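Colleague: Please take one part of this model and look at it closely for me. I would like to hear what surrounds it and how it fits into the rest.

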Amino acid sequence: MSSPASFLLLAAAALAPASMAFAPLPARQPLSATRAYSSAAIPLHAMSPDLDDATLFEDDDEMIPVAEAFVHSKYKQIAKSHGHKEADSNDVKEILRSILPPVTNEELDGEVSKTLKLLLSHEGNTADSIKEDDFVSSIVKNTYWEQAGDLVVKELMYFDSLHAYYSTGSALLNDNDYDTLHENLTWEGSSVATMSASEAKFVTAVAGARRGEPLMDDDEYATLKKELKLAKSWVVDRRADALEKLGVDTFMGYLHRAL
């Protein structure tokens, strides 16, 4: 396996300016209706009295339960992968690094430390056990999620859900929540909603490399990049998509600025 530095150089080169023409691609097919999911999502208003002041999804009520389910599922997925019933500090760091917007490593490390410190200051939380509901509440109120805005957070959830499904076969969202998220992004004109599985895999790999966490080796990356170039896919080009050109914050915009 290649080092994070080696993969990051490849990933950065992939998003360098190019002369490739934009070629719209068909929408990704819905995930299998046979996926299983179980999580008792806690209503945002029931988590903390401060949540009434949160601006995330203020005008997009249908996304609140989707975001709740996503974060609950991420918590369970990571904790279980390390053999824990409740996430510890290291688990929480891993989750945070995967679900915060793609910013610089310095910014990401600072936000992870800040959020973890806040969680550990809450009664009942220790370095060995951080309560799930408390974690979900803190993520929904996270500074970077609120500053990034609704669209970036929705695109981030979409990418992470696709990555989990195609890489492990596990689902972070049930079919109804996934369809709600996909339809919402489509309605907003997000380019993310029309990406193929290969395109989403490529973008997720670049974002992972930017965090210093390569998700594939150099050979797999080079093969995927070549396939996308032959298909004239716009994701291997650093050119802004339609919403980014209009000045709208998008996941791809965050990624471009972080490179």
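Modeller: Happily! Among what covers the buried residues of α9 are α3 and α8, cover here being judged by contacts, that is, heavy atoms within 4.5 Å. The buried residues of α9 are D175, D177, Y178, L181, H182, N184 and L185; "buried" stands for under 20% relative accessible area, "exposed" for over 50%, and "partly exposed" for what lies in between, using a 1.4 Å probe and protein chains only. Please keep in mind that this is a predicted model, in which local features need pLDDT of at least 70 and side-chain atom pairs count only at pLDDT 80 or more, while totals for chains, interfaces and linings use all residues. Residues are numbered from 1 along each chain as its sequence is written, and side-chain values use heavy atoms, leaving out hydrogens and water.

Helix α9 covers residues 175-188, and its 14 residues reach 20 Å from first C-alpha to last, close to the 20 Å expected at 1.5 Å a residue. That expected span is 1.5 Å times one less than the number of residues. The helices themselves are DSSP runs of H or I with at least four residues, strands are E runs of at least two, and both are numbered from the N terminus. The chain has 13 helices and zero strands.

One of the helices covering α9 deserves a longer look: α8. Helix α8 takes in residues 150-168, and because 19 residues at 1.5 Å each should span 27 Å, the 27 Å between its end C-alpha atoms agrees with expectation. Of those 19 residues, 14 are buried, leaving α8 mostly covered. Just after α8 comes G169, with a positive phi near 85 degrees.

V153 is a good residue to follow within α8. V153 has a relative accessible area of 1%, so it counts as buried. Beyond its neighbours within four places in sequence, V153 is in contact with L56, F57 and W145. P101 sits 52 residues from V153 in sequence, yet their C-alpha atoms are 7.4 Å apart. L56 also has a partner in E146: their C-alpha atoms are separated by 5.5 Å, although their positions lie 90 residues apart along the chain. E146 belongs to α7, residues 143-148, and is partly exposed, with a relative accessible area of 29%.

Next, the nonpolar core, meaning a set of buried Ala, Val, Leu, Ile, Met, Phe, Trp, Tyr and Cys residues joined through side-chain atoms within 4.5 Å. The largest such core has 65 residues, and F135, M157, F202 and V203 touch the most other members. The biggest contribution to this core, nine residues, is from α8. In soluble globular proteins, nonpolar side chains tend to be buried together.

Helix α8 also appears in the largest pocket, where it gives the largest share of the lining, seven residues. A pocket, on a 1 Å grid over the protein atoms alone, is an open set of points where a 1.4 Å probe fits, with protein on both sides within 12 Å along at least five of seven lines; lining residues have an atom within 4 Å of a point. In total 22 residues line the largest pocket, and K74, S98, D160, H163 and R211 lie nearest its centre. At least two lining residues come from each of α3 (64-81), α4 (89-99), α8 and α10 (197-210).

Two of these pocket helices round out the picture. Eight of the 11 residues of α4 are buried, so α4 is largely enclosed by the rest of the structure. Those buried residues pack against α3, α5 (105-120), α6 (132-140), α7 and α8; S98 is one of them.

In α10 we find K201, which is partly exposed at a relative accessible area of 41%. K201 and Y166 are 35 residues apart along the chain, with 8.3 Å between their C-alpha atoms. Not counting residues up to four places away in sequence, K201 touches M216, E220 and L224.

Finally, the chain as a whole: buried residues make up 50% of its 259 residues. Among contacts with a separation of 6 or more, 77% join residues 24 or more positions apart.
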